[in-house]
Amino acid sequence: MTTNAAWFDRAQHVIPGGVDSPVRSFRSVGGVPYTVISGSGAYVTDVEGRRYLDFVQSYGASLLGHASPLVVETIQKSAALGTTFGAPTPGEVLLAEAMVQRVAGLEQVRLVSSGTEAVMSAVRLARGATGRSKILKFDGCYHGHSDALLVAGGSGVAQLGLPGSAGVTDGSVADTLVAPYNVVPTLDDSVAAVLVEPVAANMNLVAPVAGFLEGLRAECDRVGALLIFDEVITGFRLASGGAEEYFGVTPDLWCFGKVIGGGLPVGAFGGSRALLSHLAPSGPVYQAGTLSGNPLATAAGLSVLSQVNGSDYRTLASTVAGFAASLEDVINANGLSAQVPVVGTLTGLYLSHEPFAAPQNFTEAKVLCDNGLYQEFFHAMLRRGVALAPGAYEIMFVSFAHGPADLAGALSAAGEATREVVAAR
Ligand SMILES: Cc1ncc(COP(=O)(O)O)c(C=O)c1O
């Protein structure tokens, strides 16, 4: 049993669609997913022994690259001491301290086991603290798969062409309002919170226009609603202090995930001590988890955070900016039109046959993501050993392990891949 096809076939017998998260299935790009057997730095290797330069990086969970030596050593040491206890551990305190030290205004965090849980819990807290019901989210932003927030979701929801999800009752979305990204909505005092990805990274990559985040802050203040930044992608990746540091706008609540688990399952939400005091056991908003603050995850996350500082993020941002500009040039020079948006260390990719403006909202992003070109480009890149995410709505993750030679290789693959896509027309 050594081929990707054989593993996927076997998987489909016992796992719905053969995957534990829909985006991995290749459903929107076609073909059989590669089954990963190992990863090292910027690369993953599949069961057939093929190595790919990996721009998926576990959708952003891996900041230092795969199997980063210090992180692996930390996990091994931690595992030898026991993997879960159901009692407080020093690791939870150390990770929480590392987070509040880096993010101005963040005074307390509660650790959970995924980004979905973090956002779901932050929303409950916002409702409990304000005594209000409505939550406003933006079209094309993805906040995990909790019932109330799947509506108008980006990422896999958009890839599968779903408006939301079957199985979600009208009642569970009755208090969810949806507005277009990059336009400040007018709120009223029924709104408990505005939930936003400060950089929209689940409709490929859409930057907030000047004044958008500031406008949300002002509008929330005007009606007494809370502003929640979903920093599951941007947190500890955009900058040491995440989107708040990068844009200079402070939310009331933050949601984190991905990077802070160092590749293990984790999430967190936090804010001021006053706000967090509404949470059980101090307050009436209940929230809990058997594996919350898991010792392996906190040790791995702490190891990652302690290996990077503010100037490392600036270095990575400049690497990403150079790579993105060259990628855009190489695709444009070989016969397709590309926009490779960059926000700090984040970058994305939109393709078209004709020149176009960078999208500013989901409606504009969708036209580009659904034009079929990404799918062709994805496979042409994969054939050349470069793994982009298997979905046009996902961004590219450049880790600290992506060196100049790796990125140069990706650029030359992109030139060839573009010519192949053009020639096939
Ligand atoms: C912005 C954002 N929020 C929340 C989530 C959900 O996180 P998880 O998949 O860990 O549940 C994601 C996942 O990609 C995300 O991108």
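**Group meeting talk: a ligand shell, two domains and a few odd residues**

Okay, let's start with the ligand. There are 16 residues around the ligand, and the closest are Ser114, Gly115, Thr116, Gly144 and Val232. Before I go on, please keep in mind that this is a predicted model.

So who lines that ligand shell? Helix H5, residues 115-130, gives the largest share, with three residues. If you sort the shell by class, you get nine polar, five nonpolar and two charged residues.

Now zoom out to the whole chain. How is the protein chain divided? We have domain 1, made of 4-63 + 309-423, and domain 2, which is 69-307. Look at how domain 1 is written: two stretches of the chain, with domain 2 given as one. The C-alpha centres of domain 1 and domain 2 are 25 Å apart.

The two domains do touch each other. On the domain 1 side, 33 residues are in contact with 31 residues of domain 2. Which pieces of domain 1 supply at least two residues each to that side? They are helix H2 (57-60), helix H12 (310-333), strand E13 (346-347) and helix H13 (362-369). Of the elements there, H13 brings the largest share, four residues. As for the chemistry, this side of domain 1 has 17 nonpolar, 13 polar and three charged residues.

Next, a pair of helices. Find helix H4, residues 90-102, and helix H11, residues 295-307. Their axes come within 9 Å and cross at roughly 35°. H4 passes H11 in a left-handed crossing. If you want to click on the contact, H4 puts in Gly91, Glu92, Leu94, Leu95 and Ala98. From H11, you'll see Pro295, Thr298, Ala299, Gly301, Leu302, Leu305 and Ser306. Sorted by class, that contact has seven nonpolar, four polar and one charged residues.

Let's pick out one residue, Val71. You'll find Val71 in helix H3, residues 69-80. Is Val71 buried or exposed? Val71 is buried, because 24 other C-beta atoms lie within 10 Å, and the cut-off for buried is 20 or more. Leaving out residues up to four places away in sequence, Val71 touches Leu64, Gly262, Gly263, Ala300, Ser303 and Val304. For a sense of scale, take Val71 and Gly409: they are 338 residues apart along the chain, and their C-alpha atoms are separated by 27 Å.

Last stop: some backbone oddities, all in loops. The peptide bond from Ala280 to Pro281 is cis, with omega near 10°. Pro281 is in the loop between helix H10 (273-276) and H11, and H11 is the helix that H4 passes.

Then there are two residues with positive phi, and neither is a glycine. Asn204 has phi near 55°, and it lies in the loop between strand E7 (191-196) and helix H8 (212-223). Lys258 has phi near 45°, and Lys258 is found in the loop between strand E9 (253-256) and strand E10 (267-271).

Where do these two stand on burial? Asn204 has 31 other C-beta atoms within 10 Å, so Asn204 is buried. Lys258 counts as buried too, because it has 27 C-beta neighbours inside 10 Å.

That's my tour, thanks for listening!

Technical notes. Residues are numbered from 1 along each chain as its sequence is written. This is a predicted model: local features need pLDDT of at least 70, side-chain atom pairs count only at pLDDT 80 or more; totals for chains, interfaces and linings use all residues. A residue is near a molecule or strand if its C-beta atom, placed from the backbone, lies within 6 Å of it. Ala, Val, Leu, Ile, Met, Phe, Trp, Tyr, Cys and Pro count as nonpolar, Asp, Glu, Lys and Arg as charged, and the others, Gly among them, as polar. Domain bounds come from an automatic or database domain assignment. Two residues are in contact if their C-beta atoms, placed from the backbone, lie within 7 Å. A residue is buried if 20 or more other C-beta atoms lie within 10 Å of its own, exposed if 12 or fewer, and partly exposed in between; C-beta atoms are placed from the backbone. Axes are lines fitted to C-alpha atoms, for helices over the stretch in contact, and angles run from 0 to 180 degrees between N-to-C directions. A crossing is left-handed if the near helix is turned anticlockwise from the far one by less than a right angle, and right-handed if clockwise.
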